[in-house]
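Student: I am new to this structure and would like a close look at a single part of it. Please take me through how two of its helices meet.

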Amino acid sequence: MTLDQPPMNTSSASSPVSSPTPKAAPLCLPAPAQPLASPAHFSADYSPSLEFDNTPQPLPTLPSQHVSAANPAISDLTTTSTLSEYGLQIHRHYSTVHCLACLIAWIPSKVAGHLRSHGFTLSNKSEEKLLHVLKTLQVVDKETPLHPKELGPPVEGLATTHGFCCTICNYACVKASMIEKHIGKHKEMASQYGIAYRTGHVQTFFSPTQRHYFEVTAPPPPPSNNSSMLEFYTTNLLPALTATTKVLQPIHHHELPLMVQMTGWHDHLATHLVDRNDIKNLLDLVTVPTRGSGSRLAMLSNIAYEYLHLCGRRITKSSFEIRKMLQKYPMETVHFKPLEDEETTQRYATILAKLANAIIKSIDSSRNKSGYQFPLSTADIANANGLLKHLKEGANKNEQVIALHILVHPFLSHFATVMDSEEPGSKWNRVIECFIALLSVQENGSFKPPSAMTQPLAILKYLCRITCFLHALAQLEDSTKDLES
Ligand SMILES: [Zn+2]
Ligand SMILES: [Zn+2]
């Protein structure tokens, strides 16, 4: 409500009532209203050049305000330009003058003294003017016990403290000893009421020795427009930011980690890294289903493990000369050692299973929601379907292992024979390069750091070796059907 609004209906209100408005608006001092033309009856002591501070009409005691969403709460406090200079406000319902620094009501005779305690220097003339304003506004000038008619929200302009409230009458205070003393007065009734008092929020208008407290409901939380930037960010901005599935893209190439700049993973996968859902679908390609999922592809982990195991056995049985070649020809004193412990073999098998999983999923539109395609030949696709056929319960283990070998060998051997002179960008014609790019992607669309990529690369290097070895061995024996010997 602003000062120039017409006064509300005053007919029904003869005594101060509760102000039931939830105080959503902060206690701020409104801008001084335009002074009205000076009334004729004003005494000559106040020349027209002085500010006539009679803007608000004498305050009526108002009935309850009706607050709704369409008509939100408005402050019960108002002020005038003179009063606002001293941080004083008038309560519309109670016609009391409040010091906003102390949140206490003062009677006019005590106002000047109180303002001096706040460090204001009031000349006689300004004190006179202040008292005149207060008199004009007909503020309460006796420390009479004021309180809302019924329990309601805190009265604006008054401090709210924790206190004790009598459950039999409306007595309230802030000291436990006082409430105990008071309860004594209800002796005969206390037994039927049980505990005769409770703790609650209390307020008082004036500051005389005999303070008159009354109970109010809990004060509302602080208004949101006084909140910190952080609170505004977390309540208003963050939900909107987290609701989107779009991924922030680097503005410049230099924002990418050096390894990503060099590998070109970001460029290669650009269209698949725009949205979190796309990324999820992309990562699904390199995620082998768990055994409980019911997917046939879950068997790949076991088959890959068997494959590594078989290679290990065959390499161990082979001659020193062959194992020396596997390591690095022509180093003579070092020879290739296949994996021995189960845990490491399992870890290596995981990468191999992921590779087979990615290829099989990518050629099946019902499995490949990402749309990503590996550079596969017709033969590769036939090999992938061949392995898929062997993924069923009770299938011949040896045939499964051979089918896996037939699928991955062309990719790994191609990867093993890269020429330095190849055209830039042509590496995306190699399945393993594409596979490494997929392995590097993280859920948020960023890429794994180099430290997290050395292991997969080392594993792929190992897989290249054993696959090529097994292939050479099979050719030697002129049969891939009898790898186990
Ligand atoms: Zn004060
Ligand atoms: Zn009582």
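Student: Is the crossing of helix 10 and helix 16 left-handed or right-handed?

Tutor: In this predicted model, the crossing of helix 10 and helix 16 is left-handed. The contact between them is made by Cys 311, Arg 314 and Ile 315 on the side of helix 10, and by Ile 466, Phe 469, Leu 470 and Leu 473 on the side of helix 16. Sorted by character, the residues of this contact comprise six nonpolar, no polar and one charged. In general, two packed helices are described by the angle between their axes and the distance between those axes. Here the axes of helix 10, which covers residues 300–317, and helix 16, which covers residues 450–476, come within 10 Å and cross at roughly 65 degrees. Because angles from 65 to 115 degrees count as roughly perpendicular, helix 10 is roughly perpendicular to helix 16.

To set this pair in its surroundings, the chain contains 16 helices and eight strands, and 29% of its 485 residues count as buried. Of the contacts in the chain with a separation of 6 or more, 67% are between residues 24 or more positions apart.

Another helix can be read alongside this pair: in helix 9, residues 276–285, the buried residues are Asp 278, Ile 279, Leu 282 and Leu 285. Seen down the axis of helix 9, these buried residues fall within an arc of 105 degrees, so they line one face of the helix. The buried residues of helix 9 pack against helix 12 (342–362) and helix 15 (431–440).

How values were computed. Residues numbered from 1 in each chain as written. Chains lettered and ligands numbered in written order. Predicted model: local features only at pLDDT ≥ 70, side-chain atom pairs only at ≥ 80, totals over all residues. Buried ≥ 20, exposed ≤ 12 C-beta atoms within 10 Å, placed from the backbone. Helix = DSSP H or I, 4+ residues; strand = E, 2+ residues; numbered from the N terminus. Arc of directions from axis to C-beta. Contact = placed C-beta atoms within 7 Å. Axes fitted to C-alpha atoms, helices over the stretch in contact; angles between N-to-C directions. Parallel < 35°, antiparallel > 145°, perpendicular 65-115°, else oblique. Left-handed = near helix turned anticlockwise from the far one by under 90°. Nonpolar A, V, L, I, M, F, W, Y, C, P; charged D, E, K, R; others polar.
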